[in-house]
Amino acid sequence: MQLELHATLEDRRVAALAAAAIGLTLAEAAIPLPLPGVKPGLANIVTLVVLYRYGWRTAAWVAGLRIVAGALALGQFLTPAFVLSLSGGIASLLLLALMIRLPARWFGPIGLSVLAAFAHIAAQLLVVDAWLLPGASILGLLPLFLSAAWITGLVNGFAADHLLHTQESTP
Amino acid sequence: MGRARPGDWLILFAGLTLAIGLWLRQADSLEGRVIVRLDGKVAIETSLRLNRQIEINGPLGISRIEIRDGRVRVARDPSPRQLCVRQGWIAPGGAAICLPNRVSVENAAAGYDTLNY
């Protein structure tokens with residue numbers, strides 16, 4: 001008996017995009033960073049581009065697959081790092097679901113990227129405060145993480161904006 | 001590239017304001033503290049920013065602690081050898097102990113250490 005998987009075009013697209021996001025996650029894990037918890041979050045560029053090109057559902061699939069498969073590849077599946085990554089991912093996806101409904105004339109990928117980065121780090125700090133380090137004064141680190149999120153959100157937003165424009169011009 | 005829309009600018013500006021505001025607020029909350037202990041128990045805890053004189057009554061008499069211009073010292077003390085008075089202004093993180101009068105003054109340094117993490 002032969003088991004057959006029928007992958008639709010949509011499935012293939014999700015897989016290809018998730019693979020790109022996972023690649024960025026793995027590459028990013030190799031970059032040494034001065035502070036634990038501060039990461040550029042390059043895979044979110046993929047999430048943003050997918051959100052604009054294929055809609056929120058596809059973006060959620062790509063982000064979810066990236067979080068799970070990225071954690072599996074890094075040996076972090078079901079560890080605290082995975083839970084943090086998942087909570088940040090869910091928070092930013094929920095926020096993006098709202099933001100993408102706003103008029104595109106006013107809000108573009110750059111603004112969405114910065115807000116998603118804020119949602120990401122806010123959810124992670126909440127999880128750390130409630131579960132991982134209860135009692136420790138996480139609030140003291142808020143300015144640092146918010147500033148980092150602002151910068152990485154801005155850079156990723158510009159990257160996504162650039163990708164969206166160059167992709168539009170080439171058929 | 002670089003096509004930030006009006007709402008994007010708003011988000012960027014608001015985010016930046018929030019981050020800077022939090023930094024400033026934290027700088028405020030990280031000001032130094034002065035902790036005065038009598039018999040090993042915290043008797044007075046106050047800010048290093050407010051210029052003031054604190055008098056505390058120990059077994060030998062009154063110790064007077066002076067806070068001025070973000071510095072702190074024991075100005076007068078009834079202890080016989082005057083060790084804590086002669087120590088002068090207390091360095092950040094340091095303490096002056098007037099043992100005979102059972103008074104200690106700590107300049108609790110602002111900032112983070114590994115314990116905070």
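This note walks through the predicted model point by point.

1. **Two domains in chain B.** Chain B is split by the domain assignment into domain 1 (1-30) and domain 2 (32-107). Their centres, taken over C-alpha atoms, are 41 Å apart. Keep domain 2 in view, as several points below concern residues of chain B.

2. **The contact between the chains.** Chain A brings 27 residues to the contact, and chain B brings 20 residues. About 2100 Å² is buried between chain A and chain B. Carbon and sulfur atoms give 71% of that area.

3. **Polar links across the interface.** How many salt bridges join chain A and chain B? The count is 0. Polar contacts do occur there: the rule finds 7 residue pairs across the interface, both residues at pLDDT 80 or more.

4. **Chain A's side of the interface.** Two elements of chain A, α5 (109-132) and α6 (142-169), each give two or more residues to the side that touches chain B. The largest share comes from α6(A), with 11 residues. Sorted by class, this side of chain A has 19 nonpolar, 6 polar and 2 charged residues.

5. **A buried serine in chain A.** S87(A) sits in helix α4 (residues 80-99) of chain A. Is S87(A) buried or exposed? Its relative accessible area is 15%, so it counts as buried, the limit being under 20%. Setting aside neighbours within four places in sequence, S87(A) touches A123(A), Q124(A) and V127(A).

6. **Salt bridges overall.** Over all chains, the structure holds 7 salt bridges. The next points look at some of them.

7. **R33(B) with E45(B).** The side chains of R33(B) and E45(B) form a salt bridge at 3.4 Å, N to O. R33(B) is in strand β1 (residues 33-38) of chain B and E45(B) is in strand β2 (residues 41-47) of chain B, so the bridge ties together parts 12 residues apart in sequence. R33(B) is partly exposed, at 30% relative accessibility. E45(B) is also partly exposed, at 46%.

8. **R37(B) with E106(B).** Here the salt bridge measures 2.9 Å, N to O. This pair links distant parts of the chain, 69 residues apart. R37(B) is in strand β1 of chain B, while E106(B) is in strand β7 (residues 103-108) of chain B. R37(B) has 24% relative accessibility and counts as partly exposed. E106(B) is partly exposed too, with a relative accessible area of 24%.

9. **R102(B) with D39(B).** In this salt bridge the closest N and O atoms are 3.3 Å apart. The partners come from distant parts of the chain, 63 residues apart. R102(B) is in the loop between β6 (95-98) and β7 of chain B, and D39(B) is in the loop between β1 and β2 of chain B. R102(B) is partly exposed, with a relative accessible area of 49%. For D39(B) the value is 45%, again partly exposed.

10. **R73(B) and its surroundings.** Where does R73(B) lie? It is in strand β5 (residues 71-76) of chain B. At 28% relative accessibility, R73(B) is partly exposed. Its C-alpha atom is 5.7 Å from that of G88(B), although the two residues are 15 apart along the chain. Leaving out neighbours within four places in sequence, R73(B) has several contacts, among them I65(B), W89(B) and I90(B).

11. **A network around R73(B).** The side chain of R73(B) makes a polar contact with the side chain of E66(B), at 2.7 Å. Salt bridges link E66(B), R68(B) and R73(B) in a network.

12. **Two backbone angles to check.** Most residues other than glycine have a negative phi. Which way does phi go at D39(B)? D39(B) has a positive phi of about 60 degrees, yet it is not a glycine. D69(B) is another non-glycine residue with a positive phi, of about 50 degrees. D69(B) lies in the loop between β4 (62-68) and β5 of chain B. D69(B) counts as exposed, because its relative accessibility is 55% and the exposed class starts over 50%. D39(B), in its own loop between β1 and β2 of chain B, is partly exposed at 45%.

Methods
Residues numbered from 1 in each chain as written. Chains lettered and ligands numbered in written order. Predicted model: local features only at pLDDT ≥ 70, side-chain atom pairs only at ≥ 80, totals over all residues. Heavy atoms only, no water. Domains from an automatic or database assignment. Helix = DSSP H or I, 4+ residues; strand = E, 2+ residues; numbered from the N terminus. Buried < 20%, exposed > 50% of the residue type's maximum accessible area, 1.4 Å probe, protein only. Contact = heavy atoms within 4.5 Å. Buried area = accessible area lost by both parts, 1.4 Å probe. Salt bridge = Lys/Arg side-chain N within 4 Å of Asp/Glu carboxyl O. Polar contact = N/O pair within 3.5 Å; in protein donor to acceptor, adjacent residues only side chain to side chain. Nonpolar A, V, L, I, M, F, W, Y, C, P; charged D, E, K, R; others polar.
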